[in-house]
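Please load the model in your viewer and keep the selection panel at hand. The tour below goes from the whole chain to single helices and then to individual side chains.

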Amino acid sequence: MDRAEKMREAFGEFERVYGLVAQAAARVVRTVELPGWMEFEDVVQEGLRMACEAVGRWDPGRGRFTTYLYSRFGLYLRKVVWRGLPGWVEVVGWEEGEEGEEVGG
């Protein structure tokens, strides 16, 4: 299956993917103080971008796309917000096992 086919399959139920992203964004907004320039819609947009990137790592034979996203998404979406906060440096991306490091105090 090529990337375009995987993308069609992953986002075939767009409402489910969007719902998952919006729920994760709402949790982030409740638990992390957003920088003044960042709004809820920005977090959702970044979440959808991350979901598009995740399609390449998703194996359709192992389950639904939303199941794949659900187990990883909240933590990595928080990292997106933290990237915008002072003292946070992203070391790599949002794939499994990758972490950011807090700088300073």
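Helices are DSSP runs of H or I with at least four residues, strands are runs of E with at least two, and both are numbered from the N terminus. This is a predicted model, in which local features need pLDDT of at least 70 and side-chain atom pairs count only at pLDDT 80 or more, whereas totals for chains, interfaces and linings use all residues. Residues are numbered from 1 along each chain as its sequence is written, and side-chain values use heavy atoms, with hydrogens and water left out.

**The whole chain**

Begin with a cartoon of the entire chain, which has five helices and two strands; from the N terminus on, these elements run α-α-α-α-α-β-β. Then colour by accessibility, taking as buried whatever has under 20% relative accessible area, as exposed whatever has over 50%, and as partly exposed what falls in between (1.4 Å probe, protein chains only). By that criterion, 36% of the 105 residues count as buried. If you turn on contacts, meaning heavy atoms within 4.5 Å, then among those with a separation of 6 or more, 59% come from residues 24 or more positions apart.

**Helix α2**

Select α2, residues 14-31, whose 18 residues reach 26 Å from the first C-alpha to the last, close to the 26 Å expected at 1.5 Å a residue. The expected span of a helix is 1.5 Å times one less than its number of residues. Within α2, show the side chains of V17, L20, V21, A22, A24, A25 and V28, which are buried. Against which helices do the buried residues of α2 pack? They pack against α1, α3, α4 and α5, the last of these being residues 73-83.

**Helix α3 and its crossing with α5**

Next, select α3, residues 40-54. Its 15 residues should span 21 Å at 1.5 Å a residue, and the end C-alpha atoms are 21 Å apart, which agrees. The buried residues of this helix are V43, V44, E46, G47, L48, M50, A51 and A54, and what covers them includes α2, α4 and α5.

Keep α3 and add α5: the two pack at an angle of about 125°, with their axes 10 Å apart. Here the axes are lines fitted to C-alpha atoms, for helices over the stretch in contact, and angles run from 0 to 180 degrees between N-to-C directions. The two helices are therefore oblique to each other, given that angles under 35 degrees count as roughly parallel, over 145 as roughly antiparallel, 65 to 115 as roughly perpendicular and the rest as oblique. To see the contact itself, display V43, E46, G47, R49, M50 and A51 of α3 together with F73, Y76, L77, V80, V81 and R83 of α5.

Still in α3, pick C52, which is partly exposed with a relative accessible area of 31%. Leaving aside neighbours within four places in sequence, C52 is in contact with R3, M7 and F11; C52 and M7 are 45 residues apart in sequence, yet their C-alpha atoms are 7.5 Å apart in space.

**The aromatic cluster**

Now show F11, F14, Y18, W58 and F65 as sticks, since these residues form one aromatic cluster. Rings of Phe, Tyr and Trp (its six-membered ring) pair if their centres lie within 6.5 Å, and planes under 30 degrees apart count as stacked, over 60 as edge-to-face and the rest as tilted. The structure holds four aromatic pairs. One of them is the tilted pair of F11 and F65, at 5.7 Å centre to centre and 50° between the planes. This pair links distant parts of the chain, with F11 in the loop between α1 and α2 and F65 in helix α4, 54 residues apart. F11 is buried at a relative accessible area of 16%, and F65 is buried at 3%. W58 and F65 form an edge-to-face pair, 5.3 Å centre to centre with 70° between the planes.

**A10 and T66**

Two last selections remain. A10 in helix α1 is buried, with a relative accessible area of 4%, and touches V17, V55, W58 and F65, not counting residues up to four places away in sequence. T66, found in helix α4, is buried with a relative accessible area of 10%; leaving aside neighbours within four places in sequence, T66 is in contact with R16, V17 and L20.
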